[in-house]
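Subject: Structure handover

Hi,

Here is the structure I promised to pass on, with my notes below it. I hope they save you some time when you open it.

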Amino acid sequence: MGGVTFDYMEEYLRELIPDHQGILKDLEEYAVENGVPIIQKETGRFLELMVSITKPKRILELGTAIGYSSILMSLASDKNSQILTIERDEDMVKRANENIDKLGFQNHINILQGDCLEVLEAMEGKFDMIFMDAGKGHYNHFLPHCLRLLHEDGIIIADNVLFRGMVASQDLVKRRKITIVKRMRTYLQMVSEDKDLITSVIPMGDGIAVTKRRKV
Ligand code: SAM
């Protein structure tokens, strides 16, 4: 059990979603074979839906890995979104660039190599959507930068916020994950208690938090 929802529920929801074909299918298989962590099937479907509803012109992603979620979002936008994605692992960057090149998406997806916090600190400009999927123990540190970089009407989608259920239940917490869990709780408190923000936490996949600014 993933710890966020019941197995039977997860299996049922996944079965409802048609399998991808082409590059996304190939990348899913590569990820399984090589132990690369990519977004779960239902999280992918949720991202596709959010891109399709909000039509973001500029997307910032934290955590590229092999480029799977970037490519998925680019396809969902019909290549109308410009995606900037941050990854610190050199091999991942190389692999992701190969995948992006293979598709001819170089003009739509750009990778910034480096640590998310350092890159975020130096970044300027505004994004309509920010997808957090790297450095689970640092979402609370990324948040002020993400809010600074978020367009007035933009949304932040954070994955893994329930972290196998550990964030919601002390009984599930593994000792070596205590710091990540505490910081993730801090992140959820920050986005839930700030009166200028509105956040919904969805117990799907590994837990997704969607945040936007409240308008006054
Ligand atoms: N979003 C990707 C997808 O679904 O296709 C998966 C991203 S994977 C869960 C997280 C990635 O973030 C890993 O490739 C890891 O190397 C990278 N990462 C972790 N911490 C990071 C940090 N502080 N700065 C930059 N990259 C980081």
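A word on burial before anything else: a residue is called buried under 20% relative accessible area, exposed over 50%, and partly exposed in between. Arg45, at 38% relative accessibility, therefore counts as partly exposed. Please keep in mind that this is a predicted model.

Salt bridges

Arg45 is a good place to start, as it forms a salt bridge with Glu48, with the closest N and O atoms 3.1 Å apart. Both residues lie in helix H3, three residues apart, about one turn of the helix. An α-helix has 3.6 residues a turn, so residues three or four places apart point the same way. Unlike its partly exposed partner, Glu48 is buried, with a relative accessible area of 16%.

In total the structure holds nine salt bridges. Another of them pairs Arg14 with Glu42, where the closest N and O atoms are 2.8 Å apart. This pair links distant parts of the chain: Arg14 belongs to helix H1 (residues 7–16) and Glu42 to helix H3 (residues 41–54), 28 residues apart. Arg14 has 27% relative accessibility and so counts as partly exposed, while Glu42, at 6%, counts as buried.

A further salt bridge joins the side chains of Arg95 and Glu98, at 3.7 Å from N to O. These two are three residues apart in helix H5 (residues 90–103), so about one helical turn separates them. Arg95 counts as partly exposed at 34% relative accessibility, and Glu98 counts as partly exposed at 35%. Salt bridges that share partners also join Glu10, Arg14 and Glu42 into one network.

The ligand

Which residues come nearest to the ligand? Of the 19 residues around it, they are Gly63, Ser69, Glu87, Cys116 and Asp133. Asp133 also makes a polar contact: an N or O atom in its side chain is 2.8 Å from a nitrogen atom of the ligand. Backbone atoms take part as well. A backbone N or O atom of Ile39 lies 2.9 Å from an oxygen atom of the ligand, and a polar backbone atom of Arg88 is 3.3 Å from a nitrogen atom of the ligand. Taken alone, the ligand exposes 610 Å², and the protein buries 89% of that.

Aromatic rings and helix H7

The structure holds three aromatic pairs. In one of them, the rings of Phe6 and Tyr8 have their centres 5.7 Å apart and their planes at 20 degrees, so this pair is stacked. Tyr8 counts as exposed because its relative accessibility is 54%. Another pair, Tyr139 and Phe142, is tilted, at 6.4 Å centre to centre with 35 degrees between the planes.

Tyr139 and Phe142 both lie in helix H7 (residues 139–149), three residues apart, about one turn of the helix. Are they buried or exposed? Both Tyr139 and Phe142 are buried. Ring pairs link these two and Tyr187 into a cluster.

The rest of H7 is worth a look too. Eight of its 11 residues are buried, so the helix is largely enclosed by the rest of the structure. Besides Tyr139 and Phe142, the buried residues of H7 are Asn140, Leu143, His145, Cys146, Leu147 and Leu149.

Elsewhere, the charged end of Arg58 sits over the ring of Phe127, 4.3 Å from its centre.

Two backbone angles to look at

Most residues other than glycine have a negative phi. Lys79 has a positive phi, near 65 degrees, and is not a glycine. Lys79 is found in the loop between helix H4 (68–76) and strand E2 (82–87), and it counts as partly exposed at 38% relative accessibility.

Arg164 also has a positive phi, about 55 degrees, although it is not a glycine. The loop that holds Arg164 runs between strand E5 (150–159) and helix H8 (178–193). With 42% relative accessibility, Arg164 counts as partly exposed.

Those are my notes, and I am happy to talk them through whenever it suits you.

Best wishes

Technical notes:
Residues are numbered from 1 along each chain as its sequence is written. This is a predicted model: local features need pLDDT of at least 70, side-chain atom pairs count only at pLDDT 80 or more; totals for chains, interfaces and linings use all residues. Side-chain values use heavy atoms; hydrogens and water are left out. Rings of Phe, Tyr and Trp (its six-membered ring) pair if their centres lie within 6.5 Å; planes under 30 degrees apart count as stacked, over 60 as edge-to-face and the rest as tilted. Buried means under 20% relative accessible area, exposed over 50%, partly exposed in between (1.4 Å probe, protein chains only). Helices (H or I, at least four residues) and strands (E, at least two) are DSSP runs, numbered from the N terminus. A charge sits over a ring if NZ of Lys or CZ of Arg is within 6 Å of the ring centre and within 35 degrees of the ring normal. A residue is near a molecule or strand if one of its heavy atoms lies within 4 Å of it. A polar contact is a pair of N or O atoms within 3.5 Å; within protein, one must be able to donate a hydrogen and the other to accept it, and residues adjacent in sequence count only if both atoms are side-chain atoms. Accessible areas come from the Shrake-Rupley method with a 1.4 Å probe; for residues, only the protein chains shown count as cover. A salt bridge is a side-chain nitrogen of Lys or Arg within 4 Å of a carboxyl oxygen of Asp or Glu.
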